Amino acid sequence: SDELKIAVGAMELADKVVEQVMTKIDDVFMLPDETILNAKTIAEIVRIGYTRIPVYSEGDRNNVTGLLIVKDLALLDPDDNFSVRTVCGYHQHTVKYVFNDTPLAIVLENFKKGDGHLAMVKKVHVSEESAEDPSYDLVGLVTLEDIVEEILQAEIVDE
Ligand code: ADP
């Protein structure tokens, strides 16, 4: 039954980790912070259709510094040619982070507490020199939608 599927899906959240359900970084639509929000780029952003777009600085996709929410563009005059950096600086939506190996049940709890419902996924970067401080690579993006999907699509294997 659907109810059983949902219950099993919910229980499995403890065993599954972010990396299994996230959108991989190469498939994440992001914008460099120097992007000028003119009529052309705004139309492109709307066409692509995501509600939230991670914003990166210094040309480095590993350096996400903000989040552009598409509805922030509604009151923008395209002729003002504001940059993504300016719009992000005005709204200051905080970017959440989770580790790639965080269990989905934990991520769900975090999403329930906050309002963002989106997090960037980071992974410890293993470097040759062990003396170095650990650095992180961004490996993906996860939203509440990815977790709900996992709950609803649980497969019940009869063993
Ligand atoms: P949206 O409201 O933009 O449709 P959802 O939170 O409903 O986003 O997520 C739908 C799917 O799109 C999820 O798999 C999520 O990981 C993915 N997603 C969300 N934002 C982005 C983005 N900027 N680039 C790529 N994938 C994204």
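Which residue of β7 stands opposite methionine 120? It is leucine 141. The points below place that pair in its sheet and then move outward.

1. **Overall layout.** This is a predicted model. The protein has five helices and seven strands. Along the sequence, the elements follow the pattern α-β-β-α-β-β-α-β-α-β-β-α. The C-alpha trace spans about 60 × 50 × 25 Å along its principal axes.

2. **The four-stranded sheet.** Four strands make an open sheet, ordered β1-β7-β6-β5, with mixed pairing. β1 (23-24) and β5 (96-99) are the edges; each has a single partner strand, so one side of each lacks a neighbour in the sheet. In general, strands of a sheet pair through backbone hydrogen bonds, either parallel or antiparallel.

3. **Pairings in that sheet.** Start at β1. Two bridges join β1 to β7, and these strands run antiparallel. Next come β6 and β7, also antiparallel, paired over eight bridges. Last, β5 is joined to β6 (residues 118-125) by four bridges, and here the strands run parallel.

4. **A row to trace across the strands.** Begin with threonine 23, whose bridge partner in β7 is leucine 141. Leucine 141 in turn stands opposite methionine 120. Methionine 120 of β6 is the bridge partner of tyrosine 97. These residues are a handy path for following the sheet by eye.

5. **The three-stranded sheet.** Another open sheet has three strands in the order β2-β3-β4, again with mixed pairing. Its edge strands are β2 (31-32) and β4 (64-69), each pairing on one side only. β2 and β3 pair in the parallel sense over two bridges. Leucine 31 has valine 55 as its bridge partner in β3.

6. **A helix across the sheet.** Helix α3 (residues 84-91) lies across β2, β3 and β4. Relative to β4, α3 runs at about 85°.

7. **The α4 and α5 pair.** How do the axes of α4 and α5 cross, and at what angle? The axes of helix α4 (residues 104-113) and α5 come within 10 Å and cross at roughly 130°. The two helices are therefore oblique to each other. Their crossing is left-handed. On the α4 side, the contact uses Leu104, Val107, Leu108 and Phe111. On the α5 side, it uses Leu144, Ile147 and Glu150. By class, this contact has six nonpolar residues, no polar ones and one charged.

8. **The ligand shell.** Which residues surround the ligand? They are Thr23, Asp27, Val28, Phe29, Tyr50, Thr51, Arg52, Ile53, Leu141, Thr143, Glu145 and Asp146. Three elements give two or more residues to this shell: β3 (52-56), β7 (135-143) and α5 (144-152). By class, the shell has five nonpolar, three polar and four charged residues.

9. **Where the parts meet.** Thr23 and Leu141 belong to the ligand shell. Threonine 23 and leucine 141 are also bridge partners, the latter in β7. The shell draws on β3 as well, and β3 sits between β2 and β4 in the order of the three-stranded sheet. Strands from both sheets thus appear around the ligand: β7 and β3 each give two or more residues. Helix α5 also gives two or more residues to the shell, and α5 is in contact with α4 through Leu144, Ile147 and Glu150.

Conventions. Residues are numbered from 1 along each chain as its sequence is written. This is a predicted model: local features need pLDDT of at least 70, side-chain atom pairs count only at pLDDT 80 or more; totals for chains, interfaces and linings use all residues. A residue is near a molecule or strand if its C-beta atom, placed from the backbone, lies within 6 Å of it. Ala, Val, Leu, Ile, Met, Phe, Trp, Tyr, Cys and Pro count as nonpolar, Asp, Glu, Lys and Arg as charged, and the others, Gly among them, as polar. Two strands pair if DSSP finds at least two bridges between them. Axes are lines fitted to C-alpha atoms, for helices over the stretch in contact, and angles run from 0 to 180 degrees between N-to-C directions. Angles under 35 degrees count as roughly parallel, over 145 as roughly antiparallel, 65 to 115 as roughly perpendicular and the rest as oblique. A crossing is left-handed if the near helix is turned anticlockwise from the far one by less than a right angle, and right-handed if clockwise. Two residues are in contact if their C-beta atoms, placed from the backbone, lie within 7 Å.
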